[in-house]
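Trainee: I would like to learn how to read a few features of a protein model. Could we go through one together?

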Amino acid sequence: MPPNEKPTFRQDNVCRVRYVNMSLGNMFCSRCGDGFEPHEKIVNSNGELWHTQCFVCAQCFRPFPEGIFYEFEGRKYCEHDFQVLFAPCCGKCGEFVIGRVIKAMNANWHPNCFRCEECNKELADLGFIRNQGRALCHECNAKAKAVGLGKYVCHKCHGLIDDKPLRFRGEVYHPYHFNCTACGIELNADAREVRSRPGFAANEMNELYCLRCHDKMGIPICGACRRPIEERVVTALGKHWHVEHFVCAKCEKPFLGHRHYEKKGLAYCETHYHQLFGNLCFVCNQVIGGDVFTALNKAWCVHHFACSVCDLKMNQKTKFYEFDLKPVCKKCYEKFPMELRRRLRRAHEQVPKKLPA
């Protein structure tokens, strides 16, 4: 949709006063209708004659500064009154628009003020599309439309990419715009970009290869992003990984060289591995590195297993009772009210016991 451009007032409306000496004859002032005195200065404007005192602005009735006036619909105005009466104001800078006027988006604009609200390109000669109250160039409108549809815009042809895009040099494209550097076949979204390789100069790389030609080059593929790995390689779980893509399956933080634990084909950091599959102390929530004290279906560091009431350290030989899913030593338990102990004992007896297999 091209902008609705309509030139309104141009600089050719500006005229200068010409003073001439003419033979009087049957000549009369175009404003007052009176004749002219001998040797009087006469203003000639497009064949019309005026007394100098009659040749004034049609609005303020003052002489034209420096003899410059603007003519519109047969009447002459000084610059100030012409702008106030007729010249539109720019929708961006607020100044009067003299010369070419761009009329678009229910406003008037200087040509260099009417720009795309995304990329800031001048739209006066490019044309524009109205998108949710914004003036956008065709390229930015296509990108905005693609975002709304959850699709990509090809960096080369600016068309929507309906299928899987090809990523190359940080941009997305239709795959069919490229051919394999090695065999020349038209590429698809499985093409591989190679940025560097031992024995090749930098300007010989950063090219695209089909999957078959790329596999012949022996460059490992990341198990996460499926892109070539051209720098440091992490080998784990039977695959190759970019360093930043080899992450914990639970918290998704990169290991960055730290120890990882494997379980069912996935890698975990130490904390989440023990949290999911191993022993974390019920008190300090840290991995139990030494002996483990197991009680009440929980794991404890040996030095953290204590009475939840008096904090007395206990061991495997210490007699304790369960209260609110926590251990209580015998001395504290006996201080409980008789009714409370009776209820705890009854609840404990009602818990079904597992039968031997």
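Mentor: We will take strand pairing, cysteines and salt bridges in turn, keeping in mind that this model is predicted.

Trainee: In which sense do strands β5 and β6 pair, and over how many bridges?

Mentor: In a regular strand the side chains alternate between the two faces of the sheet. Here β5 covers residues 68–72 and β6 covers residues 75–77, and the two pair in the antiparallel sense over three bridges. Within that pairing, Y70 has Y77 in β6 as its bridge partner.

Trainee: How many residues lie between β5 and β6 in the hairpin?

Mentor: Two residues lie between them. One to look at in the turn is E73, with a positive phi of about 55°.

Trainee: On to the cysteines. How many disulfides are counted?

Mentor: The count is zero. A pair of cysteine sulfurs has to be within 2.5 Å to count.

Trainee: Why does C57 form no bond with C60?

Mentor: The closest cysteine sulfur to that of C57 is in C60, and at 3.7 Å it is too far for a bond. C57 is also buried, with a relative accessible area of 0%. C210 is likewise in no disulfide, the nearest cysteine sulfur being that of C213, 3.4 Å away. C210 counts as buried too, at 13% relative accessibility.

Trainee: How many salt bridges are there?

Mentor: Side chains of opposite charge can pair when their charged atoms come close. In this model the count comes to eight salt bridges. One of them joins the side chains of E71 and K76, at 3.5 Å from N to O. E71 is partly exposed, with a relative accessible area of 22%, whereas K76 is buried at 6%.

Trainee: Which residue forms a salt bridge with E339, and where do the two sit?

Mentor: The partner of E339 is R343, with the closest N and O atoms 3.3 Å apart. Both are in helix α6, which runs over residues 338–350; because they are four residues apart, about one helical turn separates them. E339 counts as partly exposed at 36% relative accessibility, and R343 counts as exposed at 53%.

Trainee: Which residues are joined into one network by salt bridges that share partners?

Mentor: E48, E71 and K76 are joined in this way.

Trainee: Is R115, in its salt bridge with E122, buried or partly exposed?

Mentor: R115 is partly exposed, with a relative accessible area of 24%. E122 is partly exposed as well, at 36%, and the two side chains meet at 3.3 Å, N to O.

Conventions. Residues are numbered from 1 along each chain as its sequence is written. This is a predicted model: local features need pLDDT of at least 70, side-chain atom pairs count only at pLDDT 80 or more; totals for chains, interfaces and linings use all residues. Side-chain values use heavy atoms; hydrogens and water are left out. Two strands pair if DSSP finds at least two bridges between them. Buried means under 20% relative accessible area, exposed over 50%, partly exposed in between (1.4 Å probe, protein chains only). A salt bridge is a side-chain nitrogen of Lys or Arg within 4 Å of a carboxyl oxygen of Asp or Glu.
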